[in-house]
Amino acid sequence: MTMHQEKVKLLIVDDDPGFTRILQHLILKGMEKINCEFDTSSAFSEAVSKLQNNFYDICLLDYRINNARGIELLSILRAEGISTPVIF
């Protein structure tokens, strides 16, 4: 008997590509038994678009993205009814 394991979809929003890669590595290493799929965004507008058009189980959001703040992104999402859990 095989067990079907659902994929956990994560969006990482950070404008530092090196940090994004490290974060992906740490998550994969710490969650070896969980099937994770990552999507990344390094820009505010791209992150908004991805969250509007895709389902994510969780969003890891940098507090500062380029010249914007992550809390502004969260406000936009909540105003549009997008309830993806967010961790800063």
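**Figure 1. Burial and overall layout of the chain.** Of the 88 residues in this predicted model, 31% count as buried (buried is under 20% relative accessible area, exposed is over 50%, and partly exposed is in between, using a 1.4 Å probe and protein chains only). Three helices and six strands make up the secondary structure (both are DSSP runs numbered from the N terminus: H or I of at least four residues for helices, E of at least two for strands). Read from the N terminus, the order is β-α-β-α-β-β-β-α-β. Along the principal axes, the C-alpha atoms fill a box of roughly 50 × 30 × 15 Å. If you look at contacts (heavy atoms within 4.5 Å) between residues at least 6 apart in sequence, 68% of them join residues at least 24 apart.

A quick note on the numbers: residues are numbered from 1 along each chain as its sequence is written, and side-chain values use heavy atoms, with hydrogens and water left out. Since the model is predicted, local features need pLDDT of at least 70 and side-chain atom pairs count only at pLDDT 80 or more, while totals for chains, interfaces and linings use all residues.

**Figure 2. Helix 2 against helix 3.** The axes of helix 2 (residues 44-53) and helix 3 come within 11 Å and cross at roughly 30° (axes are lines fitted to C-alpha atoms, for helices over the stretch in contact, with angles running from 0 to 180 degrees between N-to-C directions). The two helices are therefore roughly parallel to each other (that label covers angles under 35 degrees; over 145 is roughly antiparallel, 65 to 115 roughly perpendicular, and the rest oblique). Helix 2 passes helix 3 in a right-handed crossing (the near helix is turned clockwise from the far one by less than a right angle; anticlockwise would be left-handed). On the helix 2 side, the residues involved are Phe-44, Ala-47, Val-48 and Leu-51, and they meet Glu-72, Leu-73, Ile-76 and Leu-77 in helix 3.

**Figure 3. Thr-84 in its loop.** Here's a buried threonine, with a relative accessible area of 9% for Thr-84. Thr-84 sits in the loop between helix 3 (70-79) and strand 6 (86-87). Leaving out residues up to four places away in sequence, Thr-84 touches Leu-51, Tyr-56, Asp-57, Ile-58, Cys-59 and Arg-78. One of those partners, Tyr-56, has Lys-9 lying over the face of its ring, at 5.4 Å from the ring centre (a charge sits over a ring if NZ of Lys or CZ of Arg is within 6 Å of the ring centre and within 35 degrees of the ring normal).

**Figure 4. Tyr-63 and Phe-88, ring to ring.** The structure holds one aromatic pair (rings of Phe, Tyr and Trp, the last by its six-membered ring, pair if their centres lie within 6.5 Å; planes under 30 degrees apart are stacked, over 60 edge-to-face, and the rest tilted). Tyr-63 and Phe-88 meet edge-to-face, at 6.2 Å centre to centre with 65° between the planes. The pair links distant parts of the chain, 25 residues apart: Tyr-63 is in the loop between strand 3 (58-61) and strand 4 (64-65), and Phe-88 is in the segment after strand 6. Tyr-63 is partly exposed at 45% relative accessibility, and Phe-88 is partly exposed with a relative accessible area of 45%.

**Figure 5. Thr-20 and Gln-24 on helix 1.** Thr-20 is found in helix 1, and Gln-24 lies in helix 1 (residues 17-30). Thr-20 is buried, at 7% relative accessible area. Not counting neighbours within four places in sequence, Thr-20 is in contact with Ile-12, Asp-14 and Thr-40. With residues up to four places away set aside, Gln-24 touches Ile-12, Phe-38 and Thr-40. The C-alpha atoms of Gln-24 and Cys-36, twelve residues apart along the chain, are separated by 9.5 Å.
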